[in-house]
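Okay, thanks for making time this morning. I'd like to walk you through a model I've been looking at, so please have it up on your screens.

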Amino acid sequence: MLRYLARRFLLMIPVLLGITFIVFALLAFAPGSFVSLMLSSGVVNPDAIARVRDELGVNQPWIIRYVHYLAALAHGNLGRSIVFDQPVAQQIAQAFPNTVILTVAATVFALSVAVAAGTVSAIKRNTLLDYAAMIVAVGGVSVPSFWLGLMLLLAFGLGLHWLPIGGGGAAGGRGGWEFLSHLILPAVTLGAELAALLTRLIRNTLLDVLSEDYIRTARAKGLAGFRVVSRHALKNALLPVVTTVGVQFGALLGGAVIVETIYSWPGMGLLTVNAIQQRDLPVVQGAVLVFAICFVLVVLLTDLAYVAIDPRVHYQ
Amino acid sequence: MTARSAWQHRPAGAQAPGRGRIGRRALLRMVPAVAGALVATRAFAQTPRRGGTLRIQFSAIRQLDPYKTSGNNSEDNASSLVFDALVYLGRNFEPRPLLAERWETPNSTTWVFRLRRNVMFQDDNPVFPKGSAREVTAEDVVYSVNRFLKVSNAFTLGTVDSVRAVDRYTVELKKPSPDPFLLSDPNRMARVMIVPHEAIEKLGEDGFARQPVGSGPFKLRSFTANQTVVFDRNPSYWMPVYPDHVEFTYIPDPTVATIALQGGRIDVLPYVANVDAVRQLSGDPNLRLASRGGSFRGLGFNVKTPPFNELPVRDALAKAMDIDSAVRSVIAPYGERAYGQVPPWVPFGYDPSLKALWRYDPHAALDELAKAGFTEKNRDGILERNGTPLSFKIKVIAGAQVRVLTILVTQLRQMGIDAQIQQQDVAVWASDLIKGNETGVFFDFSYAGTTGLYELFGSANIGKSNTHFYANPKVDALFTAALVEPDAARRSSLWKQAQRLIMEDRVVIPLYFERQYSAMNKRVVDWVVPWAPLRLESPENNVYLTS
């Protein structure tokens, strides 16, 4: 197992190198630059413009710039934001915990709803409960997150005044209910689509598992229905769910930008999109690197989760 | 005397002469009392009220060093609460004294500022412990100007020969050549916030950006980047300050910001995103709109790109479009038709007589195009010349201008001109325009401030802000003279002459000026739309909350 883990970690290096190379190359050739934005917005300080050009190394071939970037990266230096003149690592350190919190909360919400609804739906197949759950699931997949977010904001934030309309995050020293109250709406909005997806998946896989011989045997032995489902059926139905959650977690990490914008949640999605719009290349490169590391780690954790769930799975 | 006291002291003869009736004489005697009551009530309503928290929306605040905002409006607005500059731009865009009580220009390259006395830096912070604040002096101004020249990442004062403290309260600044815009340009002296050197020395550059200390009306209480920024009133400020606190609330999405304002979660939206939002908010009885300044929108030509390098083609396009109706449909009443680049609110260079240069005449447009060789030959409805159709894409960025251009493009197509809109990301649009990358016709935009005409049309700015690639020696000569002309009337005349030549050359077809609005809860009084840094307190305005 240790050898397997070591191999997986070593394999991360060429993967991450490849990602940084592709992103660097794409950004080097992408139209538009922060300098052109500065000039078009009336920034006339020639020293400031020259400083930006210097920091970006625009007079050097992009491959040389990439080598310098890798050298800095080897020393843990992600560079400096050319828009905000702050270390990229500092900006990411502020934003990243917020995105992780939001993504974990959304996943927990999605799993909680999906396991409950999917299980009930499978057990009470072809009943009103089943149909209701499936209609909600279809709705959850179909409704765009920006619409859902705005509707929840209007209803619970402005209409009922139950929850704040935005803000939040790890910094600022908020604790307890104040912190949670800022997290609820964004987590529900972000997790809704995943909940819908997982509900259908759990229902379908559980239906397959519930028709297996060993389940029939367990029932014949007199085990309570709840115990049959929770101890025998669900565990076997979870493997495809684990895969889906693992893949979707990475997507949630990067795709929270709409939710972060609506709820003013200061996370990585918003940071990255703003950096792209402003052509803040060091921040874009740093953010992509962080996302790539997270995604690779999540895939690794997903693979390790199989071992925990299914004792037949071994890694060598 | 109030109405109540007047009634208590009413003469005996003021009793009603009959049952249920008040006599004419009694009524007349009541008039002064009633008038007094009305005046007293009105005076009470206008008296600024101390207290409350003013909540302002912002879209991005990562740091609070006033010299390192990169032109970010939210950071400019927030940091300006902590500092004062020597001057600020008043309601009519004229420079007005702030930390400088007055100034003189003994010659066209020298400015002498006399500082206000007994203005103190804030105390009770890591730089000046409680009770140890010190006075702002001329040395602080010298330090600030030098630091601004060194670290400012957006704006500049140009070349400064020297800045020195003549005495404790007098600063002399010299430049190598005349600069009539040094005080009137919102991005020059009005940006030089006066900072104490101790703050930079003790906190470092990054520390100062998180914990700014100045002499302004508000002190920083707490700052979490892109979450909240809270300020407390500075009790020792040299003018009265009414709100107890100012809180900047992070809402990056314009739609959510509008909803938050209407729902009472914030008090002020400093910049309403677009005309549609202005229209929506104007119908809300709980809100008020304030307008000041704005931006210029037009259709620009890259005069190096055929066939737009030909004046008759540009002129024909100008005549081919009914711009008035398009602007009326989309923008009015939150903007107005433009006939030049200089807007009516800029104190010099505005020329309403330019209206005579522009007329809608589609027949004349077609005649002119025919003379230029563009005719309809192959029954496809598109004009062409030597087999090349008159076809182009107008590069534009998102905004109300897309709808205006859609109307205009439809009019052009009806005349056989194959015009289309190509909507782009801002960075790509800016880059394409600066490089002249397939730009024949493009959406022309500038913040309509002081020297915008020169930025857009001076040949020295080709490859930078002159995306028309326009070079006219006569226009350049007028700019050169105007940029160093100390006499305001003469400068305005030179500017108008340059603008007229540019418009006659049809380098740009002016479309409209879109006004800039702030929207606010009606409890906010005396807000002035930010133009250059925000001023909540100034000799002209003093923001307070009525409840």
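I'll go through confidence, then the domains of chain A, then the contact between the chains, and last a few backbone details.

So, first off, keep in mind that this is a predicted model. For the complex, the predictor gives an ipTM of 0.80 and a pTM of 0.85. Chain B has an average pLDDT of 89, and 91% of its residues score at least 70. There are some weak patches in that chain, though. Residues 1-22 of chain B have a pLDDT below 50, and in the model that stretch makes 20 contacts beyond near neighbours in sequence. Then there's residues 35-44 of chain B, also with a pLDDT below 50, with seven contacts counted in that way.

Okay, over to chain A. The domain assignment splits chain A into domain 1, residues 2-74, and domain 2, residues 88-309. If you take the centres over C-alpha atoms, domain 1 of chain A and domain 2 of chain A are 32 Å apart. How many residues are in contact across those two domains? On the domain 1 side of chain A there are 15, and they meet twelve residues of domain 2 of chain A. Now look at which elements build the domain 1 side. Two helices of chain A, α1 (2-29) and α2 (34-40), each put in at least two residues. The one that gives the most is α1(A), with nine residues. As for what that side of domain 1 is made of, we have eleven nonpolar residues, three polar and one charged.

Hold on to α2 of chain A, since that helix comes up again when we turn to the other chain. Between the chains, 35 residues of chain A are in contact with 37 residues of chain B. On the chain A side, the elements giving two or more residues are α2, α7 (145-159), α11 (257-262) and α12 (268-278). Which of them has the largest share? That's α2(A), with four residues. So α2 of chain A shows up on the side of domain 1 that touches domain 2, and also on the side of chain A that touches chain B. By class, the chain A side of this contact has 16 nonpolar, 17 polar and two charged residues.

Right, backbone details. Staying in chain A, find the loop between α11 and α12, where A:S264 sits. A:S264 isn't a glycine, yet its phi is positive, about 55°. Is A:S264 buried or exposed? A:S264 counts as buried, because 28 C-beta neighbours lie inside 10 Å.

Chain B has a residue like that too, B:D526, where phi is positive at near 75° in a residue other than glycine. You'll find B:D526 in the loop between β21 (524-525) and β22 (544-545) of chain B. B:D526 has 16 C-beta neighbours inside 10 Å, so it counts as partly exposed.

Last thing, cis peptide bonds in chain B. One runs from B:P306 to B:P307, with omega near -5°. B:P307 lies in the loop between β12 (287-301) and α8 (311-320) of chain B. Another cis bond joins B:A332 and B:P333, and there omega is about 0°. For B:P333, look in the loop between α9 (323-330) and β13 (335-337) of chain B.

That's what I had, so over to you.

How values were computed
Residues numbered from 1 in each chain as written. Chains lettered and ligands numbered in written order. Predicted model: local features only at pLDDT ≥ 70, side-chain atom pairs only at ≥ 80, totals over all residues. Domains from an automatic or database assignment. Nonpolar A, V, L, I, M, F, W, Y, C, P; charged D, E, K, R; others polar. pLDDT = per-residue confidence, 0-100. Buried ≥ 20, exposed ≤ 12 C-beta atoms within 10 Å, placed from the backbone.
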